[in-house]
Amino acid sequence: MERDTSVNLQHVAKSYRTRRQGLPIFEDLTLDIPDGDFLAVMGPSGSGKSTMLNLIGGIDRPDRGEIRVGGQRIDTMGEAALARWRAGHVGFVFQFYNLMPMLTAAENVELPLLLTPLTRRQRRERVATVLDLVGLAERARHRPGELSGGQMQRVGIARAIAADPCLLLCDEPTGDLDRQSADDILRMLGLLNAELGKTIVMVTHDEAAARAARRVLRLDKGRFVADGSRFVADGGRP
Ligand SMILES: Nc1ncnc2c1ncn2[C@@H]1O[C@H](COP(=O)(O)OP(=O)(O)OP(=O)(O)O)[C@@H](O)[C@H]1O
C-alpha cells in the first residue's frame, strides 16, 4: 500500500438539503494535511467538523471542489471503488465507540476485515495483534457491556487500525471519557502517529486533547480561523 497519506481539500463546497432550503456548511474550504500529521480540529457545535471528517473519509461527497488523499481523487470515485478505498485506507474512531453490543471485542475488531481479502486465519491473527497493541488481549472475548468506556474506545481504536489504514479519522474520541481514560486514548493516538506513522485528524472540543496533536485548526461557520503553529488552511483566510 502506498504510504503517502497527505490530505488535500481544494475549494470544497458542501450543503445539506433540508425540506425547505439548502443548509450551506462549506462554501470554499481549502485544507492541506501533510502525510504523518496529527491534526486537531476544534470549533463550535455545528461549524462543520464532522462533515469535514466525513468528506475526507469518503463517507460524504462535496457538491463542488476536489478531495485528494495520497494524491488520489476520492470525490470522483464510484460507490464500490470508494467503499474498497475506505476499507483499505481509512479507520474511523467515534465518540460513542459504535461497537456492536452482541459481538465480542475480537468480533467487533474483525468486522472491517471482512471487507478485505484476508483469510479467516489471517483475520484472527490481525485481531490478536491489534488487541494486544491496545492492551486488551485479555478482554478479547468480552462484550462491550462488560468493558469500561476507556476499554471500549481501545476496542474502537483496534477496530480502526485492524486493516492497517494510513489515515485515522477520530470524531471526539475522548468526548465520553474521564480525564485518565481520555489521556490513555490520546497517548495511544500519539503513538500510532509517532511510531506507526498514521496520519490522524481528530475533531475535539477538549483543549487538553487538542494539545496531544501536532497542530490545531479551528473551524468557525464553515471557515478555518488562524490558530496553531503551522497554519496551512487558506479556506478561511480573511
Ligand atoms: N445529513 C445531514 N442532513 C442535514 N443536515 C446535516 C446533516 N449532517 C449535518 N447536518 C448539519 O450540518 C451542520 C454541521 O454539522 P456537523 O455535524 O458537521 O457539525 P460539528 O461541527 O461536527 O458539530 P458538533 O460539534 O455538534 O458535533 C449542522 O447544522 C448539522 O445540523
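This is a short tour of a predicted model, with stops at the ligand, one helix and one loop residue.

**Stop 1: the ligand.** Select the ligand and bring up its surroundings: Y16, T18, L23, I25, G43, S45, G46, S47, G48, K49, S50 and T51. Colour by secondary structure and you'll see that β2 (22–33) and α1 (49–56) are the elements giving two or more residues to this shell. Which of them gives the largest share? That's α1, with three residues. Now recolour by residue class: the shell divides into eight polar residues, three nonpolar and one charged.

**Stop 2: helix α5.** Next, select α5, residues 149–161. Put a distance between its end C-alpha atoms and you should get 18 Å, which agrees with the 18 Å expected for 13 residues at 1.5 Å a residue. Is this helix mostly covered or mostly open? Mostly covered, with 11 of its 13 residues buried. Click along the buried ones, Q151, M152, Q153, R154, V155, G156, I157, A158, R159, A160 and I161. To see what they pack against, switch on β6 (90–93), α3 (105–110), α4, β7 (167–171) and α6 (179–194).

**Stop 3: G145.** Step back from α5 into the loop that links α4 (120–133) to it, and pick G145. Buried or exposed? G145 counts as exposed, because only 9 C-beta neighbours fall inside 10 Å and the cut-off for exposed is 12 or fewer. To finish, pick N108 as well: its C-alpha atom is 13 Å from that of G145, and the two residues are 37 apart along the chain.

Technical notes. Residues are numbered from 1 along each chain as its sequence is written. This is a predicted model: local features need pLDDT of at least 70, side-chain atom pairs count only at pLDDT 80 or more; totals for chains, interfaces and linings use all residues. Helices (H or I, at least four residues) and strands (E, at least two) are DSSP runs, numbered from the N terminus. A residue is buried if 20 or more other C-beta atoms lie within 10 Å of its own, exposed if 12 or fewer, and partly exposed in between; C-beta atoms are placed from the backbone. A residue is near a molecule or strand if its C-beta atom, placed from the backbone, lies within 6 Å of it. Ala, Val, Leu, Ile, Met, Phe, Trp, Tyr, Cys and Pro count as nonpolar, Asp, Glu, Lys and Arg as charged, and the others, Gly among them, as polar. The expected span of a helix is 1.5 Å times one less than its number of residues. Two residues are in contact if their C-beta atoms, placed from the backbone, lie within 7 Å.
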